[in-house]
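User: I am new to this structure and would like to go through its charged pairs, its cysteines and some of its contacts. Please explain each step of the reasoning.

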Amino acid sequence: YTVKALHAIDICIGLSLVIYGSLLFTQFETPAMAAALFCVILGTIHLATSLAGIVSFVVESCSRCGLVISAYISPYYVIVYITIVIALIVDSKGFLKYIDDHKDQMFLGQDAAANFKRMLPLLYTIFIVLALLESLRFMVLFQIREHLLRRDKADPLRPKSTRSTKPNNNLTEALLESNTAMDGSLETGGMGLGDGEQKWWEH
């Protein structure tokens, strides 16, 4: 349930970032380019990989490869979140200055920099928790995929293309053996009949 909830959270984050970044691009002649690019790129990756993971949870095709994609993208998220935390700790003044300079292009209020300064400890906590959850997803998704693949193979209602070949081969071999046995018995019977006729004529 934790992994499914994390996929749902990632979809919400990705969709929100894509919408917000698109608004930053389209609503202003001189947009906050760095913020817009960051939101659109990160949001698209979040949205695409999380959708692939959720689809592979419910669809058996392609050996549930969406779970593999979702698992391998998790370290990328961890690096991004940890990098954001380190950047905010090292250069929080530069971040707050960027917010203050582009507050109008980013749909923020007049006191945006002061509000973000008060929220920095909360932002650190959120990014660290997300990084830990992404690490958990990386470790768990491969186990979930193996479990689902074993369940798919054991499903009696799943069509199996190889199931009909072996019985047909066994049936063919059995028919050939029976035909060989019948031919041998006929030959033996014919030889016996010939011997009996020869002895009758002799008498």
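Analyst: One definition is needed at the outset: a residue is called buried under 20% relative accessible area, exposed over 50%, and partly exposed in between. The model discussed here is predicted.

User: Is Lys-97 buried or exposed?

Analyst: The relative accessible area of Lys-97 is 52%. The cut-off for the exposed class is over 50%. Lys-97 is therefore classed as exposed.

User: Which residue meets the side chain of Lys-97 in a salt bridge?

Analyst: Side chains of opposite charge can pair when their charged atoms come close. The partner of Lys-97 lies 4 residues away, about one turn of the helix, and both belong to helix 4 (residues 92-101). The N to O distance in this salt bridge is 2.9 Å. At 43% relative accessibility the partner counts as partly exposed, and its name is Asp-101.

User: With which residue does Asp-100 form a salt bridge?

Analyst: Asp-100 itself is partly exposed, with a relative accessible area of 35%. The closest N and O atoms of the pair are 3.3 Å apart, where the limit for a salt bridge is 4 Å. The partner is buried, because its relative accessible area is 15%. That partner is Lys-103.

User: Which residues are linked with Arg-137 in a network of salt bridges?

Analyst: Arg-137 forms a salt bridge with Glu-134, with the closest N and O atoms 2.8 Å apart. These two residues are 3 residues apart in helix 5 (residues 112-154), so about one helical turn separates them. Both are buried. The residues linked with Arg-137 in the network are Glu-134 and Asp-10.

User: How many disulfides does a search of the whole structure find?

Analyst: A disulfide is a covalent bond between the sulfur atoms of two cysteines. Among the cysteines, Cys-12 counts as partly exposed because its relative accessibility is 49%, whereas Cys-39 counts as buried at 8%. For a disulfide, two cysteine sulfur atoms must lie within 2.5 Å. The number found in the whole structure is 0.

User: Which residues does Leu-47 touch, not counting residues up to four places away in sequence?

Analyst: Leu-47 is found in helix 2 (residues 33-58) and is partly exposed, with a relative accessible area of 22%. Leu-47 and Ile-13 are 34 residues apart in sequence, while their C-alpha atoms are 7.8 Å apart in space. Leaving out residues up to four places away in sequence, the residues touched by Leu-47 are Ile-11, Gly-14 and Leu-15.

Note on methods:
Residues are numbered from 1 along each chain as its sequence is written. This is a predicted model: local features need pLDDT of at least 70, side-chain atom pairs count only at pLDDT 80 or more; totals for chains, interfaces and linings use all residues. Side-chain values use heavy atoms; hydrogens and water are left out. Buried means under 20% relative accessible area, exposed over 50%, partly exposed in between (1.4 Å probe, protein chains only). Contact means heavy atoms within 4.5 Å.
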